[in-house]
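Me: I have a model open and want the reasoning behind the labels put on it. Please take them one at a time.

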Amino acid sequence: IEQVALPASALAGAGVLSEVAIRVRGLGGQRIELAAEDAGRVIAQRTVEIAGREDVARVRLRLPPLPPGSHRLSFKVRPLPGEVVTENNESRTVLHIRPGPDKILYLEGEPRPELAFLRRAVAGDSALQLVTLLRSAKGKFLRLGVDDSLELVEGFPNRREDLFRYRALILGSIEASFFTGDQLRMVADFVSRRGGGLIALGGRSALAEGGYTATPVAEVLPVTLGRVGQAGPEDSVPAVELTVRITPTGRTHPALQLGATEEATARWDSLPPLTSINLLGAIKPGATTLLGGRTAPDRGSSQPILAVQRYGRGTVALLGVQDTWLWQMHADIPLEDQIHETFWRQLLRWSLDAVPDRLEMTVTPVRVGPGEPVTLRARLTDEAYLDANDGTVLARVVTPSGRSLEVPLSWTMRGDGAYEGRFVAEEAGLYRVEAEARRGAGASLTRAAPIALLVDEFGADVEQPEMRAPLLRRIADETGGRYHPLADAERLADEVGYTESGVTVRESRDLWDMPVVFLLLVGLLGGEWAYRKRRGLA
């Protein structure tokens, strides 16, 4: 196993998609069995057929929902007959499951079916808290899912500190003129600076038709907006029917996984068509189309339906249709079908992945052995997610035996908001690292999400056990030694004692520290005095 691609953390209540890279040498046409274990219990497994004698198989393995906490996962390949080295058939990693709920702000400008069905789709997911702000009339809002009576009481937040409390933002069918200029910049900063997730939906008052062209929000979107427009509720915008087609990248994206098999992913191409009333332009450099749409099944013009990209520290998704609820209410969709609910839950969870907190912890290196040093790094920001250098950061490390270590982290010159500390991982096993920060006397504590560190004996010599003869020959030539293949091993004992290379030790001393110099100086001075005494000069 060469690599295991797995998120560092995930929300509870849903499966996690992992990708395992397996390199096979000297085999072909055989089947290998891959299994994932959590604390010795098999939680997922899959059989893969190897095509060539030397091949790298990338296997996607969906892990089932796991309870909150840190999980020590092992990915194992069953040894094959005749396999010499089996230690590298296993890779260990750590996955942290967050209990949630993570808060998402959904701003909608008008009551429409998309709002009702979206809320219904995520209602049963306890790890997602969808806070809805619906404009019911001019200056009036309906608030749903709020924590208290004061949350969003004045409508959309006017301060960055209030908006940045949420981890993701959904913009529905609401025109750009609803926002102030500073609020539009706040939405862009929500993605780039805060690192939150943004999902922009299509609608008659959204995107270009809502006047977002040439605004800060348009800069963060993965698709260029087609034209400057201002569609109002009374405008008649023709709807275009789009046949949905999944792209090759979309087949492997975690937001579009309908099951563990390729047949489940192929269902996207058989779903009912959707409608769009928004004119979209080209995909921006760095963006990716996951779902495309055609105006006709075969030769119609195409446009993106779902496109994503990273922007700054956050992620952005554009869903350029207005009626995904048809995937639940269409006559061709069975009543018990859950594709609409699955799609929205996975898309929202994807937008919440890797969203940073005000205090973020990282461990370097990510894999160490017992007795090796570990560097803890932290990034601290204030309420507006600006880097803070005036904090006091303390990390608490819990060893596998339960012993607690306190590691103070000091501000470094690497950059603003960067703190660093070190400790030695003396025991093998799973470490838990927690951190907290305080800025000034009497300030409230800021805590980081706990992270886990796995300390074991697996190293590069186990991951790549094959002999590298060219490297050994080069080392022998550069150091004055000799390289012997295994067939000439009997000559090694004779040549070890007569090697031409040796060890040279250089020792430097001050001239006055040598006894012979001291005696010579005393002798010269004494001889000079005796000569002058004999001549009567002394």
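The exchange below goes through these labels in turn.

Reply: Bear in mind that this is a predicted model.

Me: What makes the protein more spread out than a compact globule?
Reply: The protein has 12 helices and 29 strands. Its radius of gyration is 33 Å, whereas the globule rule gives 24 Å for 538 residues; 33 Å is well over that, so the protein is more spread out than a compact globule. The C-alpha trace spans about 130 × 70 × 45 Å along the principal axes.

Me: Why is Leu207 called buried?
Reply: Buried means under 20% relative accessible area. Leu207 has 4%, so Leu207 counts as buried. In the protein as a whole, buried residues make up 45% of the 538 residues.

Me: Why is Ala39 called exposed?
Reply: The label exposed needs a relative accessible area over 50%. Ala39 is at 71%, and therefore counts as exposed. Ala39 is in the loop between β4 and β5.

Me: What is notable about the backbone at Ala39 and at Leu207?
Reply: Most residues other than glycine have a negative phi. Ala39 is not a glycine, yet its phi is positive, about 55 degrees. Leu207 also has a positive phi, near 55 degrees, and is found in the loop between β13 and α4.

Me: How do you know that β21 and β23 pair?
Reply: Two strands pair if there are at least two bridges between them. β21 (residues 359-364) and β23 (residues 372-380) are joined by 6 bridges, so they pair, and they run antiparallel. Thr362 has Arg377 of β23 as its bridge partner. β23 also pairs with β26 (residues 418-425), in the antiparallel sense, over 8 bridges. There, Leu376 is matched with Gly421 of β26.

Me: Which strands are joined to β7?
Reply: β4 (residues 31-38) is joined to β7 (residues 69-77) by 5 bridges, and these two run antiparallel. Ala35 has Lys76 of β7 as its partner. β7 is joined to β8 (residues 90-98) by 8 bridges, again antiparallel. One of the facing pairs is His71 with Leu95 of β8.

Me: What is the omega of the cis peptide bond between Gly100 and Pro101, and of the one from Thr364 to Pro365?
Reply: Most peptide bonds are trans. The Gly100 to Pro101 bond is cis, with omega about 0 degrees, and Pro101 lies in the loop between β8 and β9. The Thr364 to Pro365 bond is cis with omega near -5 degrees; Pro365 lies in the loop between β21 and β22.

Methods: Residues numbered from 1 in each chain as written. Predicted model: local features only at pLDDT ≥ 70, side-chain atom pairs only at ≥ 80, totals over all residues. Heavy atoms only, no water. Helix = DSSP H or I, 4+ residues; strand = E, 2+ residues; numbered from the N terminus. Rg over C-alpha atoms; globule rule 2.2 N^0.38 Å. Buried < 20%, exposed > 50% of the residue type's maximum accessible area, 1.4 Å probe, protein only.
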